[in-house]
Amino acid sequence: MRILIVDDDSLNRFLLVHMLEQNGYPDCYEAESGHEALSLAKRIQPELVLLDVMMEDMSGFEVAPLLKAQTDEIYLPIIFITALDDEDSLVRCLDVGGDDFVAKPFNKTILAAKISAHARTRELSKKSYEQNQQLIFYRNAVEREHKIVEHIFGNAVTNDNKLLPYLDFKLLPATDFNGDLLLFSAGPNGGLYYLVGDFTGHGLAAAIGALPVSQAFHAMASKGLSVFEMAATLNETLLKLLPGDMFFAAALVHVSLCGTRLEIWNSGMPDLLLFNAEGDVIERFSSQHMALGILDADEMGKEIQRYQSTVGDRLLAFSDGVIEIMDPEQNMLSEKQIEHWVAAQTDVTVTELFERITQFSQNTSPSDDLTCVSYTCQSLLALEHQQTIAPIPFHLTFDLDASAIKEGDPVQSVVNMVCSQTGMYALHARLFTVVSELYNNALDHGVLKLDSALKHSPDGFEAYFDLRMQRLAQLSQAEISMTLTFEPVRRSLIILVRDSGPGFDYQLRLKQASLEDCFGRGIQLVAELTDSVQYLDAGNAVEVMFNV
């Protein structure tokens with residue numbers, strides 16, 4: 001411990017040095033005046049000062065505050081050595097920056113004890129200072145990292161500004177970083193896609209997954225992929241990226257060019273609510289799938305929710321943080337309250353909804369991120385743009401026997417081959433849906449002879465798919481062929497699917513089919529998504545055409 005002794009009496013300095021050395025403090029420095037003490041202190045940085053009050057050039061009262069001013073934030077104990085014994089002088093010793101005093105002639109035992117006590121205080125102050133410096137360094141490092149992440153997020157998580165007039169939305173993070181995610185992008189055919197998602201938790205750890213999701217979403221939207229293909233790709237990406245206790249609830253919405261045909265994939269998000277112009281809920285798109293980043297690819301379902309809305313209908317989506325926010329009495333907001341607000345004011349904006357949420361919570365800080373997005377069905381023709389298509393015609397034929405049929409679903413491969421051609425991206429989502437529908441109809445109803453009516457029973461879906469797996473495993477003789485012909489002059493793509501099944505009375509089926517029949521919409525769906533549909537032969541062949 002470095003001790004500075006300041007006294008203009010050489011005998012006093014000698015006695016103090018000798019006493020300190022005997023008590024284990026050999027690192028002592030002497031100054032015979034105040035000016036010398038100040039100069040020496042700058043050089044040696046003392047850890048304790050023994051200071052005489054009465055000196056010729058400067059009194060100890062003058063030197064003490066100057067010594068204190070030269071130190072950093074670490075406690076520098078100053079013990080006055082004084083012959084003064086009046087109360088005012090002793091009080092002044094403390095007022096000018098002294099920390100203790102010892103009367104002359106000093107008691108060696110008391111002085112040693114006081115030095116030891118102040119040395120301990122000095123050591124605690126030193127440790128506290130070092131810890132504070134570490135905290136400052138850590139805080140500065142975190143702030144710098146946050147700025148870097150904010151910069152990356154600002155440049156990586158981007159959206160298509162030309163879609164801003166079509167979407168009304170607001171995001172409110174619970175911390176600096178948002179675990180909720182809203183992405184939107186125009187499709188290659190002029191329709192639009194948007195994603196509302198919620199990573200487990202909130203803050204930086206939750207938000208970090210937004211980077212790969214954003215990049216993948218925009219890349220897939222630009223290619224016109226279906227919402228199922230998007231969900232499958234994001235699931236595969238997040239399955240590799242996220243730890244086991246983290247996942248991503250997400251709703252993917254594709255709106256067609258007409259602005260009223262909706263395709264929705266809901267993986268673990270609250271219900272998406274479709275309101276009519278009068279503010280009534282006409283459809284609820286509940287979660288039908290596990291959140292992304294949990295299941296392997298072969299465990300994921302393929303069901304997409306589709307709905308033909310009308311102009312003026314309004315689709316409202318929100319994260320669970322919105323409906324789970326609490327008021328001071330711990331009452332949850334709930335979905336019903338949002339429905340009530342929309343019913344009471346059909347043109348209520350998302351900003352106004354958030355104002356009502358704030359009033360409900362009485363300005364209580366949310367414990368989770370809040371996101372809400374509203375789309376009002378309207379024509380999107382303003383987003384349409386003409387695609388440049390390849391001038392070369394092509395003709396693709398796929399012949400699948402029983403062995404190939406049992407190997408797996410060829411739809412993805414077929415669609416990828418077609419859409420790899422210049423200008424075909426715009427067809428991707430519609431093509432995927434139509435080819436899936438035609439192939440699955442040919443397989444389920446043509447080859448495997450399954451009846452959709454089976455799904456109407458309470459356990460119908462499970463029974464239907466059990467029977468499907470059983471018949472598929474026993475399949476030995478069957479054929480399904482798919483032919484795709486592109487004619488660039490007519491800008492048309494013609495698809496012919498034929499199966500080896502007995503066919504069906506498609507004329508009667510067309511008359512009986514209803515858009516309200518949730519299990520018999522295949523023909524109507526294909527008709528909605530294509531420019532023409534024609535059944536051939538005994539009903540075991542169907543030809544559709546797309547105008548590109």
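Okay, let's start in the core: Phe 228 and Phe 432 are both buried, where buried means under 20% relative accessible area, exposed means over 50%, and partly exposed is in between, with a 1.4 Å probe and protein chains only. Before I go on, a caveat: this is a predicted model, so local features need pLDDT of at least 70, side-chain atom pairs count only at pLDDT 80 or more, and totals for chains, interfaces and linings use all residues. Residues are numbered from 1 along each chain as its sequence is written, and side-chain values use heavy atoms, with hydrogens and water left out.

Now, the aromatics. The structure holds eight aromatic pairs. For the cut-offs, rings of Phe, Tyr and Trp (its six-membered ring) pair if their centres lie within 6.5 Å, and planes under 30 degrees apart count as stacked, over 60 as edge-to-face and the rest as tilted. One of the eight is Phe 61 with Phe 80: the centres are 6.2 Å apart and the planes sit at 50°, so that pair is tilted. Phe 61 is in helix H3 and Phe 80 in strand S4 (residues 78–82), 19 residues apart, so to speak from distant parts of the chain. Helices here are DSSP runs of H or I with at least four residues, strands are E runs of at least two, and the numbering goes from the N terminus. Phe 61 counts as buried at 10% relative accessibility, and Phe 80 counts as buried at 0%.

Back to the two I opened with. The ring centres of Phe 228 and Phe 432 are 5.8 Å apart with planes at 25°, so this pair is stacked. Phe 228 lies in helix H8 (residues 227–241) and Phe 432 in helix H14, so the pair ties together parts 204 residues apart in sequence. Add Trp 265 to Phe 228 and Phe 432 and you have one aromatic cluster.

Another long-range contact: the C-alpha atoms of Met 424 and Pro 188 are separated by 9.0 Å, with their positions 236 residues apart along the chain. Met 424 is in the loop between helix H13 (411–419) and H14, and is buried, with a relative accessible area of 0%.

On to charges. Side chains of opposite charge can pair when their charged atoms come close. So how many salt bridges turn up in a search of the whole structure? There are 16, counting a side-chain nitrogen of Lys or Arg within 4 Å of a carboxyl oxygen of Asp or Glu.

Take Arg 13 and Glu 30, whose closest N and O atoms are 3.1 Å apart. Arg 13 sits in helix H1 and Glu 30 in strand S2 (residues 28–31), 17 residues apart. Arg 13 is buried at 9%, while Glu 30 is partly exposed at 39%.

Then there's Lys 104 with Asp 52, again a salt bridge, with the closest N and O atoms 3.1 Å apart. Lys 104 is in the loop between S5 and H5 and Asp 52 is in strand S3, so parts 52 residues apart in sequence get tied together. Lys 104 is partly exposed at 25%, and Asp 52 counts as buried at 4%. Asp 7 joins in as well: Asp 7, Asp 52 and Lys 104 are linked in a network of salt bridges.

A third example is Arg 306 with Glu 263, closest N and O atoms 3.3 Å apart. Arg 306 is in strand S13 (residues 305–308) and Glu 263 in strand S10 (residues 261–267), 43 residues apart. Arg 306 is partly exposed at 23%, and Glu 263 is buried at 6%.

Last topic, the backbone oddities. Most residues other than glycine have a negative phi, and most peptide bonds are trans. Stay with Lys 104 for a second: the peptide bond from Lys 104 to Pro 105 is cis, with omega near -10°. Pro 105 is in the loop between strand S5 (100–103) and helix H5 (108–156).

Gln 330 has a positive phi, near 65°, in the loop between helix H9 (320–323) and helix H10 (335–344), and counts as exposed at 57%. Lys 449 also has a positive phi, about 55°. Its loop runs between helix H14 (428–447) and helix H15 (460–474), and Lys 449 counts as exposed at 52%.
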